[in-house]
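Please open the model in your viewer and keep the selection panel at hand, since each stop on this tour begins with something to select.

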Amino acid sequence: QVQLVESGGGLVQAGGSLRLSCAASGSIRRINNMGWYRQAPGKQRELVAVITSSGTTNYADSVKGRFTISRDNAKNTVYLQMNSLKPEDTAVYSCNADINVSAWLRNDYWGQGTQVTVSS
């Protein structure tokens with residue numbers, strides 16, 4: 001059993017910052033890619049940022065230069081530092097991890113989601 005637990009969402013004014021965390025626990029052999037997605041009301045879920053096990057990152061164009069994804073492999077945790085937040089960043093943010101629970105079994109796991117609201 002693997003769990004992803006997120007924290008750090010909340011309400012912030014435009015221009016402010018928030019830091020999201022997502023910790024994976026359970027029967028984990030190896031964590032491959034970890035990422036953050038978001039879904040705003042009435043919109044499809046979109047990829048925000050992803051980081052590989054070796055630290056290579058990729059970002060949605062809408063957040064480049066404002067958001068930074070990082071991970072602590074010793075803690076099985078991924079972070080999303082969000083700066084210069086805009087009202088259009090308002091969404092439910094969910095973390096995702098591609099995890100090997102054994103040498104031959106690999107699954108995709110999701111956190112429960114955390115609300116980020118940016119007021120204008």
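The stops below go through a predicted model, from its core to its disulfide and then to two loop residues.

Begin with the largest nonpolar core, a set of 31 residues in which Trp36, Leu80, Met82 and Tyr93 have the most contacts. Colouring by strand will help here, for the elements that give two or more residues to this core include strand 1 (2-7), strand 4 (30-39) and strand 8 (77-82), while the largest share, five residues, comes from strand 9.

Next, select tyrosine 93 and display its surroundings: leaving aside residues up to four places away in sequence, tyrosine 93 touches, among others, Glu6, Arg38 and Gly113 as well as Trp36, Leu80 and Met82.

Now show the cysteines. Which residues form a disulfide? Cysteine 22 and cysteine 95 do, with their sulfur atoms 1.9 Å apart, and a search of the whole structure finds one such link. The pair joins distant parts of the chain, cysteine 22 in strand 3 and cysteine 95 in strand 9, 73 residues apart. Both cysteines are buried, and the link, with 40° about the S-S bond, is right-handed.

Finally, turn to the backbone angles. Most residues other than glycine have a negative phi. Select asparagine 76, in the loop between strand 7 and strand 8, where phi is near 50° and the residue is partly exposed, at 24% relative accessible area. Then move to serine 84, in the loop between strand 8 and strand 9, whose phi is also positive, near 50°, and which counts as partly exposed at 41% relative accessibility.

Conventions
Residues numbered from 1 in each chain as written. Predicted model: local features only at pLDDT ≥ 70, side-chain atom pairs only at ≥ 80, totals over all residues. Heavy atoms only, no water. Core = buried A, V, L, I, M, F, W, Y, C linked by side-chain atoms within 4.5 Å. Buried < 20%, exposed > 50% of the residue type's maximum accessible area, 1.4 Å probe, protein only. Helix = DSSP H or I, 4+ residues; strand = E, 2+ residues; numbered from the N terminus. Contact = heavy atoms within 4.5 Å. Disulfide = S-S within 2.5 Å.
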